[in-house]
Structure formats: C-alpha cells, structure tokens
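Here is a guided walk through one chain, helix by helix and contact by contact. Keep the viewer open and follow along.

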Amino acid sequence: MRVIDGMHRLMAVKLRGQGLIEVELFDGTPEEAFLRAVEANVSHGLPLSLADRRAAAGRIVVSHPEMSDRAIARAAGLGAKAVAAIRRRAADVVPQLAARIGRDGKTRPLSSMDGRLKAAELIAERPQASLREVARLAGISPATVSDVRKRLESGLAPVAESARTSEAPADASADASAVAEAGERRVERRTANQLSADPAVALEKLLRDPSLRHKEGGRQLLRLLQQQNAVVTRAGEELIEAVPSHCETLVLDLARYYAGTWMGLAKQLDERVRLENRHGVGE
C-alpha cells in the first residue's frame, strides 16, 4: 500500500484531520510502480530536477531494458540522446536485446537485417501480398518492404553488403539511438543543402507552389510551416522568458514531443526520397 503518486495530497488530507481519501489502486511490481511514479511526477506537480530525472532514467533502463530510448525519455522527461548515453554507461548490467518497445507500444527490432530477410522470404512465398501485410509479418516498415521488393526485382540481395557489415552480430547490441542520430544527421545535411541562410525564402517558394496550394493537405502543411517559421523568428530569449518556472517542465515536454513529431516526418520523407533515388538509378 505504498503511495506512488499523491504524497502531498495525502499529507493535506491528514493535516485537515480527514480519515478518508479517494485513491486509484495499482497492482504491479515495485519496478512498474516506480515507472508509474516517475511518469506521474514528470507530468504534473513540482518539477523534478535534472539530476532526479537522470537518476530515474538510470533505474528504468535497468528495470525495463525492453523500453526504447525515446519511451524512457518521455517517461523521465529527458531527451532520447541523454537516455542513450545512460544506457551505454550501464551496458554491463543492462541486457542487450534484439528489439525494443517504442512509445507507441509497438516492438521494433534494433537491426533491420533480419526483417529484410524475412520480408524477402514472404515476398517469394506470397508475391501478391501487399506491402503492409508483408511489413506486419516481417516486423518492418512498408517502405522497407518496398525497398526489398525493388532490390529483388533488380536481381540484388535484400540486404546491401554495407548493411550486412554494419549490422553484424558484433554490432547488434549497438544502441538504436546511434542509428537514429545517423539518420537525423543525414536529414540535416540534406536540409542544409536545400535551404538558404533564411528559411523564410524556402517557405516562400513552397507557398507559391500550386501543387501544394490547391490541395487541402498541402494547405494544411503550409499553415504548419508558417507557424513554425513564426516560432523560429521569435525564438530565443523572448520565448524562454515568457515561460514561468512552474510551467518549464510541461513546455519542455511539449517542445520535445513536437520536435520528435517533425523529426519523424523528416525521416519518412528522407526514406521516400532515398527510395525514389534508388528506383531512378535502377531505371
């Protein structure tokens, strides 16, 4: 009957001389209770210090090694890179798993090599199967299945030799965040090549594009990009100073969440561009 969340509320009831308080019972292991307590205290109440959040992430990495870096980061109010660093330092006591559970509750492999080989087998057995069906059975994304199918049609192996080398068993335990960071750097490099010094110039070019302006989805995207440009224009001390101390953690969490959403969109577009480029080379 240990209190997971609500110590201050319980103390307030006792100080008022009340004998009852409404509660929500939690049935689970001490490790699960700690995870629930951290998630609750990060989302409301007095904000945890950075040291407290890092210490909590360290405990969660050990008790829940199956959770992805991003899932632990959201629970502890940290960045995924910080959690990845904590996981690396705890490598001696944390089991190295072949897959992890993401923020959405889905299990994904750290290495896509096994998934690609499985997809190749499924494509051979079920040539009429859809990309989504093969992706679901192989545990990889539809975009990756599409790439595997195109490689097979071109007479290539489902896994590139360079990928086999980089995803050898000796490296299978490498942190997934390292792969994510490499993808982020690749997206950033491409962005730097496409954008001018002023992002507003690139935005103005998109605003004049009729293929975006004449579709509802395109107009929605342009509105979001305009909002982002406004935020960038006002970024810095003006926005930081507007955040009161008791809201810092919530604003930080929201900023990280929306940044992660945009990064996810960037990665999907990056994957599509690479697939289109490969398809063009094959033709």
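Let's start with Ala76, which has a relative accessible area of 0% and is therefore buried. Keep in mind that this is a predicted model. Ala76 is part of helix α4. Its C-alpha is 8.9 Å from that of Asn41, although 35 residues separate Ala76 and Asn41 in sequence.

Stay with α4 for a moment, and go to Asp69. Helix α4 covers residues 69-76, and Asp69 in this helix pairs with Arg87 in helix α5, 18 residues apart, a link between distant parts of the chain. The contact itself is a salt bridge between the two side chains, at 2.8 Å from N to O. Side chains of opposite charge can pair when their charged atoms come close. Are Asp69 and Arg87 buried or exposed? Both of them are buried.

Arg87 deserves a closer look. Helix α5, where Arg87 sits, runs over residues 80-89. The relative accessibility of Arg87 is 3%, so this arginine counts as buried, the cut-off being under 20%. Besides the bridge to Asp69, the Arg87 side chain has a polar atom 3.3 Å from the backbone oxygen of Pro65.

Asp69 has another partner as well. The side chains of Arg100 and Asp69 form a salt bridge with an N to O distance of 3.9 Å. If you're checking against the cut-off, a salt bridge needs the nitrogen within 4 Å of the carboxyl oxygen. Arg100 belongs to strand β1 (residues 99-101) while Asp69 belongs to helix α4, so this pair ties together parts that are 31 residues apart in sequence. Arg100 and Asp69 are both buried, too. Put the pieces together and you get a network of salt bridges that links Asp69, Arg87 and Arg100.

How many salt bridges does the count come to? The count is seven. One of them offers a contrast in setting: Arg219 bridges to Glu216, with the closest N and O atoms 2.9 Å apart. Here both residues lie in helix α13 (residues 216-233), three residues apart, or about one turn of the helix. Arg219 has 33% relative accessibility and so counts as partly exposed. Glu216, at 45% relative accessibility, also counts as partly exposed.

Now for some helix geometry. Helix α3 has 14 residues (residues 50-63), which at 1.5 Å a residue should span 20 Å, and the C-alpha atoms at its ends are indeed 20 Å apart. Which residues of α3 are buried? They are Arg53, Ala56, Ala57, Ile60 and Val61. Look down the axis of α3 and these buried residues fall within an arc of 140°, so they line one face of the helix. Turn to the other side of α3 and you'll find Ala51 and Arg59 exposed.

You can run the same kind of check on α6. Its 13 residues (residues 113-125) should span 18 Å at 1.5 Å a residue; the end C-alpha atoms are 19 Å apart, which agrees. The buried residues in α6 are Met113, Gly115, Arg116, Ala119, Ala120, Leu122 and Ile123.

Met113 also leads on to another part of the chain. Ala160 and Met113 are 47 residues apart in sequence, yet their C-alpha atoms are 9.2 Å apart in space. You'll find Ala160 in the loop between α8 and α9 (161-166). With a relative accessible area of 25%, Ala160 is partly exposed.

Moving into α8 itself (residues 142-153), pick out Thr144. Thr144 has a relative accessible area of 13% and is therefore buried. Where sequence separation is concerned, Thr144 and Glu271 are 127 residues apart, but C-alpha to C-alpha they are 8.6 Å apart in space.

Last stop: the surface. Met1, Ile21, Val23 and Leu25 make a nonpolar surface patch of about 530 Å². Click on Val23, in the loop between α1 (7-15) and α2 (30-43). Val23 has a relative accessible area of 60%, and is therefore exposed.

Notes. Residues are numbered from 1 along each chain as its sequence is written. This is a predicted model: local features need pLDDT of at least 70, side-chain atom pairs count only at pLDDT 80 or more; totals for chains, interfaces and linings use all residues. Side-chain values use heavy atoms; hydrogens and water are left out. Helices (H or I, at least four residues) and strands (E, at least two) are DSSP runs, numbered from the N terminus. The expected span of a helix is 1.5 Å times one less than its number of residues. Buried means under 20% relative accessible area, exposed over 50%, partly exposed in between (1.4 Å probe, protein chains only). The arc is that of the directions from the helix axis to the C-beta atoms. Patches are made of residues with over 30% relative accessible area and no salt bridge: like charges are joined within 9 Å, nonpolar side chains (Val, Leu, Ile, Met, Phe, Trp, Tyr) within 5 Å. Accessible areas come from the Shrake-Rupley method with a 1.4 Å probe; for residues, only the protein chains shown count as cover. A polar contact is a pair of N or O atoms within 3.5 Å; within protein, one must be able to donate a hydrogen and the other to accept it, and residues adjacent in sequence count only if both atoms are side-chain atoms.
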